[in-house]
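This report describes a predicted model. It begins with the nonpolar core and then turns to the sheet, the aromatic rings and a few individual residues.

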Amino acid sequence: MSKQEIRLGNIEGAKEFVAAASNCDFDIDVYFNKVVLDAKSILGILSLDHRNVVTVSYDGNDKQFSDVVAKYAVN
């Protein structure tokens, strides 16, 4: 199980994240406070305040998705 904190920053970042997640054949969850969202749900991800840090949790490997997560990673 991989976990990474990210900040999407804007709507374009959210769209890029959801598009990459949608191409994966494994489940990806996004956690913010006590809310858990499906990373493949554009409406769910757009409902977040993109300035906040969220945690992405996934159990799989996809290079494109990993690259997008790394792009928005918060260290």
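## The nonpolar core

In this predicted model, the largest nonpolar core has 22 residues, and the members that touch the most others are Ile-6, Phe-17, Ile-28, Val-30, Ile-45, Val-56 and Phe-65. At least two residues of this core are supplied by each of helix 1 (11-22), strand 2, strand 4 and helix 3, and the largest share, five residues, comes from helix 1. In soluble globular proteins, nonpolar side chains tend to be buried together.

Val-30 illustrates the surroundings of one such core residue: leaving aside neighbours within four places in sequence, Val-30 is in contact with Phe-17, Val-35, Val-36, Leu-37, Ala-39, Ile-45, Leu-48, Val-54, Thr-55 and Val-56. Of these contacts, Phe-17, Ile-45 and Val-56 are also named among the core residues that touch the most other members.

## The sheet and the helix across it

Four strands form an open sheet in the order 1-4-2-3, and their pairing is antiparallel. Strand 1 (2-6) and strand 3 (35-38) stand at the edges with a single partner strand each, so one side of each has no neighbour in the sheet. On average, and with direction ignored, neighbouring strands of this sheet are turned by 25 degrees against each other.

The antiparallel pair made by strand 1 and strand 4 (residues 54-58) is joined by five bridges, and within this pairing the bridge partner of Ile-6 is Val-54 in strand 4. Helix 3 (residues 63-72) lies across strand 1, strand 2 (28-32) and strand 4, and runs at about 40 degrees to strand 1.

## Aromatic rings and a charge over a ring

A search of the whole structure finds four aromatic pairs. In one of them, the ring centres of Tyr-58 and Phe-65 are 5.1 Å apart and the ring planes stand at 90 degrees, so the pair is classed as edge-to-face. Both residues of this pair are buried, Tyr-58 with a relative accessibility of 10% and Phe-65 with a relative accessibility of 0%.

Ring pairs also link Phe-17, Phe-26, Tyr-58 and Phe-65 into a cluster; of these residues, Phe-17 and Phe-65 are named among the core members that touch the most others. A further ring, that of Tyr-31, has the charged end of Lys-3 sitting over it, 6.0 Å from the ring centre.

## Polar residues, buried and partly exposed

Is Ser-57 in strand 4 buried or exposed? Its relative accessibility is 5%, which is under the 20% limit, so Ser-57 counts as buried. Not counting residues up to four places away in sequence, Ser-57 touches Met-1, Ser-2, Lys-3, Asp-27, Ile-28, Asp-29 and Tyr-31. Lys-3 and Tyr-31, both in this list, are also the two residues of the charge-over-ring arrangement.

His-50 is placed in the loop between helix 2 (42-46) and strand 4, and with a relative accessible area of 11% His-50 is buried. Leaving aside neighbours within four places in sequence, the contacts of His-50 are Arg-7, Leu-8, Gly-9, Asn-10, Ile-11, Ala-14 and Ile-45.

Ser-22, by contrast, is found in helix 1 and is partly exposed, with a relative accessible area of 41%. The C-alpha atoms of Ser-22 and Leu-37 are separated by 13 Å, and the two residues are 15 residues apart along the chain.

Definitions and conventions. Residues numbered from 1 in each chain as written. Predicted model: local features only at pLDDT ≥ 70, side-chain atom pairs only at ≥ 80, totals over all residues. Heavy atoms only, no water. Pairing = 2+ DSSP bridges. Axes fitted to C-alpha atoms, helices over the stretch in contact; angles between N-to-C directions. Contact = heavy atoms within 4.5 Å. Buried < 20%, exposed > 50% of the residue type's maximum accessible area, 1.4 Å probe, protein only. Core = buried A, V, L, I, M, F, W, Y, C linked by side-chain atoms within 4.5 Å. Phe/Tyr/Trp six-rings, centres within 6.5 Å; stacked < 30°, edge-to-face > 60°. Lys NZ or Arg CZ within 6 Å of the ring centre and 35° of its normal.
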